[in-house]
Amino acid sequence: MDARSRILPPDSQPEVVPSRALDGSGWHSPRGEPSLAGMFASVKTAKQGPFWRKLLAFLGPGYLVAVGYMDPGNWATSLAGGSKFGYALLSIAMLSNLMAIVLQSLCTRLGVGAGRDLAQACRDSFPRFVSLPLWLSAEIAITATDLAEVIGTAIGLNLLFHIPLEIGVLITAADVFLILALQAFGFRWIEAFVVAMLGVIAACFAVQIALADPDWGAVLRGFAPTTDILANREMLYLALGILGATVMPHNLYLHSGLVQTRGYGDSVEEKREAIKLATIDSSIALCLALVINASILILAAATFHRVGKVDVAELDQAHAFLAPLLGSTLAPTLFAIALLCCGLNSTITATLSGQIVMEGFLNLRIAPWLRRMVTRMIAIVPAVVVTIWAGEKATGQLLILSQVVLSLQLPFAVVPLVMFTASRAKMGPFTAPRWLTVLAIVTAAVIIALNAKLVWDYVSG
């Protein structure tokens, strides 16, 4: 049964026999209800006409994915890295972005070619004793993501409106109504909101960078990799945090589901073109994410590191220091506005990825608002406890720790993704080319090696 065809009622689904594929492919289970069923194939695409018109119909999902590469958790790691080590970690930001482009291209291939998001692919390929731990890992990653969004949004509210962090954390629970309101108008409205917020963020940083007047020669040299990152344990910790904040596990599940919101057709030619256009969309959007991520690090290096403030990891610290360092009260206000926009955007993508993960792994469909409230409460409780018990200064460290947790979860999403898209039995004519598979394997190996080194350093003391 094709995922883009009529959905059979549950009692008419064929019995699943785990020992062999039933649909003539390498999958152990037939395709069930499509990802994000309410928005599935809801966006029309141009079958004919110039290339730019066809591409325009596919622009959107990549920007939702890009949001995850510049969420509030990334701010903490980039600020800490820029203030302590100057421009040196720009190479990690660029490396992470290249990894992201490779991995997200595999997500579009899986979603379009196999008609499954990554969670569904795991469910349809692995026995339950394997898929359930993978589901748990994905939920941990989403919780860590949500934790970063809760803290980042609360800090943005505090900086702009002087709302206490404890109250701001609780206010973030109400953002579920924003998601529901946007979904009621259609998926294109969600994309439009996200793109608008990204535009605001980019404009805010453009002004701040102009005020900071960084050393552009040092910026260019910062993009060149250095072995100091592996030799310096603290630099490695921040580098791994940037990696975790950039290549995020929930984005792999999210993108493989979002590409299916386009009505691209069922033929091999139509799907090939859809994969190409969706990959271009995500690559453009991720280049924007790199610009913003690099801007955060450059801003920290050009302001805090330049004057010897090497321990700035708290977002409220950065906000307070910007005005005296740049001689303008506009800079901290723009910083707070950009932070709040990032938190709101990340709310949308975390909600959608949580829905994809739960429905894909467990085939369990609950109301989006209920799912959002449950995951929000899981994130809000530790944020409130830490804020009350340890004070506002601990929120920055909690943000960085959440990104390292994300990095540790990455292999459990990356390895299955590479396995599926490299399998001709599963993907057929949409199997990833060998060069792309090799790049993806190298990416996975680098991620796993960095994680292993970090764990070894801490175990060995």
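Before opening the notebook I fix one set of terms: Ala, Val, Leu, Ile, Met, Phe, Trp, Tyr, Cys and Pro count as nonpolar, Asp, Glu, Lys and Arg as charged, and the others, Gly among them, as polar.

**Entry 1: the second largest pocket**

I am working from a predicted model, and I began with its second largest pocket, for which I noted a space of about 280 Å³. Among the 17 residues that line this pocket, I found Ser91, Ile92, Leu95, Pro225 and Ile229 to be the closest to its centre. Sorting the lining of the second largest pocket by the terms above, I got 14 nonpolar residues, three polar ones and no charged ones.

I then asked which helices each supply at least two residues of that lining. They are helix H4 (90-114), helix H11 (228-231), helix H12 (233-246) and helix H21 (434-459). H4 gives the largest share of the lining of the second largest pocket, with five residues.

Leu95 deserved a separate look, and I placed it in helix H4. I recorded Leu95 as partly exposed, because its relative accessible area is 37%, a value that falls between the 20% limit for buried and the 50% limit for exposed. Along the sequence Leu95 and Ala224 stand 129 residues apart, while their C-alpha atoms are 10.0 Å apart in space.

**Entry 2: the chain as a whole**

Stepping back, I counted 21 helices and two strands in the protein chain. I noted that 58% of its 461 residues count as buried. The protein chain exposes about 17700 Å², and 69% of that area is supplied by carbon and sulfur atoms. Looking at contacts in the protein chain with a separation of 6 or more, I found that 84% of them are accounted for by residues 24 or more positions apart.

**Entry 3: a helix that is enclosed**

How many of the residues of helix H13 (residues 249-258) are buried? The count is 10 of the 10, so I describe H13 as largely enclosed by the rest of the structure. The buried residues of H13 include Pro249, His250, Asn251, Tyr253, His255 and Gly257.

**Entry 4: aromatic pairs**

My search for paired rings gave four aromatic pairs. In one of them, the ring centres of Trp27 and Phe420 are 5.7 Å apart and the planes meet at 50°, so I list the pair as tilted. Trp27 belongs to the segment before strand E1 (43-44) and Phe420 to helix H19 (residues 411-422), so this pair ties together parts that are 393 residues apart in sequence. Both Trp27 and Phe420 are buried.

I also looked at Phe185 and Trp189, whose ring centres are 5.4 Å apart with planes at 40°, so this pair is tilted as well. Is Phe185 buried or exposed? Phe185 is exposed, because its relative accessible area is 58%. As a last note on rings, I recorded one aromatic cluster formed by Trp27, Phe126 and Phe420.

**Entry 5: two residues with positive phi**

I checked the backbone for positive phi in residues other than glycine, and His162 came up with a value near 60°. His162 sits in the loop between helix H6 (128-161) and helix H7 (165-171), and I count it as exposed because its relative accessibility is 66%.

Asp213, also not a glycine, has a positive phi near 50°. Its place is the loop between helix H9 (187-212) and helix H10 (216-222), and with a relative accessible area of 54% Asp213 is exposed.

**Entry 6: two residues and their surroundings**

I went next to Ala57, in helix H1 (residues 51-58). Ala57 is buried, because its relative accessible area is 10%, which is under the 20% limit. Setting aside neighbours within four places in sequence, I found Ala57 in contact with Val43, Lys44, Thr45, Ala46, Arg188 and Arg262. Ala57 and Ala278 are 221 residues apart along the chain, and I noted 9.5 Å between their C-alpha atoms.

The other residue was Phe321, in helix H15 (residues 315-326). Its relative accessibility is 24%, so I list Phe321 as partly exposed. Not counting residues up to four places away in sequence, Phe321 touches Phe304, Lys309 and Val312. From Phe321 to Lys309, 12 residues apart along the chain, the C-alpha separation is 9.4 Å.

Conventions:
Residues are numbered from 1 along each chain as its sequence is written. This is a predicted model: local features need pLDDT of at least 70, side-chain atom pairs count only at pLDDT 80 or more; totals for chains, interfaces and linings use all residues. Side-chain values use heavy atoms; hydrogens and water are left out. Helices (H or I, at least four residues) and strands (E, at least two) are DSSP runs, numbered from the N terminus. Buried means under 20% relative accessible area, exposed over 50%, partly exposed in between (1.4 Å probe, protein chains only). Contact means heavy atoms within 4.5 Å. Accessible areas come from the Shrake-Rupley method with a 1.4 Å probe; for residues, only the protein chains shown count as cover. On a 1 Å grid over the protein atoms alone, a cavity is a set of points where a 1.4 Å probe fits but cannot get out, and a pocket is an open set with protein on both sides within 12 Å along at least five of seven lines; lining residues have an atom within 4 Å of a point. Grid points are joined across faces, edges and corners, and a volume is the space filled by probe spheres set on the points. Rings of Phe, Tyr and Trp (its six-membered ring) pair if their centres lie within 6.5 Å; planes under 30 degrees apart count as stacked, over 60 as edge-to-face and the rest as tilted.
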